[in-house]
Amino acid sequence: MSSSLFRHAVFETSVAKPVNLPPASAAAPEIAFAGRSNAGKSSAINTLAGHTRLAFVSKTPGRTQLINFFRLPSGAYLVDLPGYGYAAVPEAVRKQWRGLLEHYLTRRENLIGLVLIMDSRRPLTELDIQMIHWFVPTGNPIHILLTKSDKLSRQETTQTLRAVRAAIAVYGGQITVQLFSSLKKSGIEEAERVIGAWLAEESVEVELAENLPER
Ligand code: GDP
């Protein structure tokens with residue numbers, strides 16, 4: 001089953017530098033997807049979008065270091081952030097990557113939530129924790145998808161989930177976690193429920209702000 005939330009996502013634009021980011025509009029809330037390269041981010045986005053090639057746009061030569069924006073029918077945006085942690089990347093590129101991600105995660109006003117993709121066999125790497133440290137001060141939620149869960153035994157999935165939950169407990173409810181498998185198409189409904197709630201809450205807030213009496 002494919003998700004309805006991310007269905008009919010359409011590629012809109014790619015951005016290499018903070019100055020080129022499209023204007024942040026409250027009417028166009030953004031949900032960002034980040035993760036180590038090879039963690040399974042593109043597969044997860046494609047699985048959620050019910051689209052076989054969508055996020056592979058982001059993998060075409062020249063686009064892997066860019067932020068890629070996909071417009072959803074609701075007016076919200078799915079934002080695919082460049083994969084990190086790829087060893088063969090030259091230092092200059094790594095620096096630019098870092099600047100772009102830090103800027104986007106710490107300052108983007110219409111970014112309402114971060115989906116962090118981790119390989120369930122290697123969760124919470126140093127760079128994953130860096131993403132968390134950049135984003136937590138915004139007060140917005142982070143949802144961790146532990147992908148490739150089909151590669152773990154039942155006992156390992158229980159242990160991994162427990163270990164990650166213990167590590168994020170310090171953030172209260174700001175960070176949540178679930179298992180996910182693009183191969184088995186499992187975890188789709190849970191991810192949709194969490195992200196759908198972020199978008200629903202955001203639209204209520206925008207409506208309230210618009211209806212405030214004028215002084
Ligand atoms: P990205 O670099 O984070 O976008 O990762 P990809 O989505 O390209 O996936 C990296 C590799 O992991 C590919 O070979 C995928 O086929 C594989 N992969 C991704 N998701 C899953 C999954 O849920 N289960 C399994 N078994 N393999 C997966």
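**Contacts, burial and ligand surroundings in a predicted protein model**

Leaving aside residues up to four places away in sequence, His-143 touches Leu-114, Val-115, Leu-116, Thr-176, Val-177, Gln-178, Ala-191, Val-194 and Trp-198, where contact means heavy atoms within 4.5 Å. The structure is a predicted model, in which local features need pLDDT of at least 70 and side-chain atom pairs count only at pLDDT 80 or more, while totals for chains, interfaces and linings use all residues. Residues are numbered from 1 along each chain as its sequence is written, and side-chain values use heavy atoms, with hydrogens and water left out.

His-143 is placed in strand β6 (residues 142–147); helices (H or I, at least four residues) and strands (E, at least two) are DSSP runs numbered from the N terminus. Because its relative accessible area is 1%, His-143 is buried. The term buried denotes under 20% relative accessible area, exposed over 50%, and partly exposed the range in between (1.4 Å probe, protein chains only). A polar contact of 2.6 Å joins the side chain of His-143 to the side chain of Thr-176. Such a contact is a pair of N or O atoms within 3.5 Å; within protein, one must be able to donate a hydrogen and the other to accept it, and residues adjacent in sequence count only if both atoms are side-chain atoms.

One partner of His-143 is Ala-191, a residue of helix α5 (residues 188–210). The two residues are 48 residues apart along the chain, and their C-alpha atoms are separated by 8.2 Å. Ala-191 counts as buried because its relative accessibility is 0%. With residues up to four places away in sequence not counted, Ala-191 touches Leu-48, His-143, Leu-145, Gln-178 and Phe-180.

Leu-48 is in turn one of the buried residues of α1. Helix α1 (residues 41–49) has eight of its nine residues buried, so it is largely enclosed by the rest of the structure. The buried residues are Lys-41, Ser-42, Ala-44, Ile-45, Asn-46, Thr-47, Leu-48 and Ala-49. Their cover includes β2 (30–35), β4 (77–80), β5, β6 and α5. Just after α1, Gly-50 adopts a positive phi of about 60 degrees.

Positive phi values also occur at residues that are not glycine. Leu-124, in the loop between β5 and α3 (126–135), has a phi of about 55 degrees. Lys-148, in the loop between β6 and α4 (154–168), likewise has a positive phi of about 55 degrees.

A further buried position is Asn-110, located in the loop between α2 (91–107) and β5 (111–119). Asn-110 is classed as buried because its relative accessible area is 6%. A polar atom of the Asn-110 side chain lies 2.9 Å from the backbone oxygen of Ala-28. Residues touched by Asn-110, apart from those up to four places away in sequence, are Ala-24, Ser-25, Ala-28, Pro-29 and Glu-30.

The ligand is surrounded by 15 residues, of which Asn-38, Ser-42, Ser-43, Lys-59 and Asp-150 come nearest; a residue is near a molecule if one of its heavy atoms lies within 4 Å of it. This shell comprises two nonpolar, seven polar and six charged residues. In that classification, Ala, Val, Leu, Ile, Met, Phe, Trp, Tyr, Cys and Pro are nonpolar, Asp, Glu, Lys and Arg are charged, and the others, Gly among them, are polar. An oxygen atom of the ligand is 2.9 Å from a polar backbone atom of Gly-40, and an oxygen atom of the ligand lies 2.7 Å from a backbone N or O atom of Lys-41. A side-chain N or O atom of Asp-150 is 2.7 Å from a nitrogen atom of the ligand. Taken alone, the ligand exposes 570 Å², of which the protein buries 75%; accessible areas come from the Shrake-Rupley method with a 1.4 Å probe, and for residues only the protein chains shown count as cover.

Turning to the whole chain, five helices and seven strands are present, arranged along the sequence as β-β-α-β-β-α-β-α-β-α-β-α. Of the 215 residues, 43% count as buried. Among contacts between residues at least 6 apart in sequence, 74% join residues at least 24 apart. The protein chain exposes about 11,300 Å², with carbon and sulfur atoms supplying 53% of it.
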